Amino acid sequence: MLAAALIAILAAVYLIAGGYYPILTVNGTMVSEHKFQKNYAAALRYAKNAQKTYEHDASLSILDIESQILNSLVEAALIEQALRKEVGGDMEMLVDNKLQKFRAEENQNFAKAVETLYGLSVEEFEAEVMRPQAEKDVWEGRLFLQGEKMDIWFVQAKAAASVNIFSNKFEWNGKEIVKK
């Protein structure tokens with residue numbers, strides 16, 4: 001009994017330390033702190049590199065970057081849920097077809113650029129940036145074939161979404177995540 005309790009405590013410590021707990025849920029789908037932190041670090045690194053490259057002195061608002069990342073994670077979750085509902089088991093095939101060109105053109109220069117600009121490996125970049133974009137492209141194509149527009153769909157999907165954010169810095173206002 002004591003061993004089981006100890007294992008449960010160690011597992012909980014590991015999960016919490018690794019950020020594998022929800023920072024938000026979108027229609028019941030969890031988005032982990034770990035995923036948020038990975039996207040946040042990549043966005044912050046990219047923004048700092050852009051500032052250096054273009055010699056732009058605009059100060060970076062950490063809260064603004066965080067809220068933009070959280071909103072992009074909400075949008076990605078909404079798209080994934082809608083696409084999965086629409087095409088079911090074909091979703092992975094459709095998204096992988098979009099990613100094939102990216103994989104075919106991948107080279108050492110690309111890997112170095114991704115590492116330099118975002119601080120991600122090519123695999124992480126595909127998972128965190130390219131896959132959500134491919135899902136968005138596939139979903140936007142489906143909407144186009146149905147005579148709908150992505151921006152209108154987003155307004156409706158966000159209004160109907162159940163979004164819970166587990167942060168004392170942000171809240172969901174029914175349309176987006178905003179600073180408190």
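This is a short talk about two residues and two pockets in one protein model.

The model is a predicted one, so please keep that in mind throughout.

I will start with K38. You will find K38 in helix 2, which covers residues 33-53. Is K38 buried, partly exposed or exposed? Its relative accessible area is 21%. Buried means under 20% and exposed means over 50%, so K38 counts as partly exposed.

Next, what does K38 touch, once its neighbours within four places in sequence are set aside? The contacts are with L120, E124 and E128. Take L120 to begin with. Along the sequence, 82 residues separate K38 from L120, yet in space their C-alpha atoms are 8.6 Å apart. With E124, the side chain of K38 makes a polar contact of 3.1 Å. The other name in that list, E128, will come back in a moment.

Now the pockets. The largest pocket has a volume of about 590 Å³. Its lining is made of 23 residues, and those nearest the centre are N39, I69, S72, E128 and V129. So here is E128 again, the residue that K38 contacts.

Which elements supply at least two residues each to this lining? They are helix 2, helix 3 (62-87) and helix 6 (122-145). Helix 3 provides the largest share, with 8 residues. Sorted by class, the lining holds 14 nonpolar, 4 polar and 5 charged residues.

The second largest pocket holds about 250 Å³ of space. It is lined by 14 residues, and K35, A76, A77, E80 and E135 are the closest to its centre. Two or more lining residues come from each of strand 2 (29-32), helix 3 and helix 6. Helix 3 again gives the largest share, this time 5 residues. By class, there are 7 nonpolar residues, 1 polar and 6 charged in this lining.

The last stop is S167. Where does S167 sit? It is in the loop that runs between strand 3 (163-165) and strand 4 (170-172). The relative accessible area of S167 is 19%. Because the cut-off for buried is under 20%, S167 is classed as buried. The side chain of S167 also reaches the backbone nitrogen of K169, at 3.1 Å.

To go over the two residues once more: K38 in helix 2 is partly exposed at 21%, and S167 in its loop is buried at 19%. The two values fall on either side of the 20% cut-off, which is why the labels differ.

Technical notes. Residues numbered from 1 in each chain as written. Predicted model: local features only at pLDDT ≥ 70, side-chain atom pairs only at ≥ 80, totals over all residues. Heavy atoms only, no water. Helix = DSSP H or I, 4+ residues; strand = E, 2+ residues; numbered from the N terminus. Buried < 20%, exposed > 50% of the residue type's maximum accessible area, 1.4 Å probe, protein only. Polar contact = N/O pair within 3.5 Å; in protein donor to acceptor, adjacent residues only side chain to side chain. Contact = heavy atoms within 4.5 Å. 1 Å grid on protein atoms, 1.4 Å probe; cavity = no way out; pocket = protein on both sides within 12 Å on 5 of 7 lines; lining within 4 Å. Points joined across faces, edges and corners; volume = space filled by probe spheres on them. Nonpolar A, V, L, I, M, F, W, Y, C, P; charged D, E, K, R; others polar.
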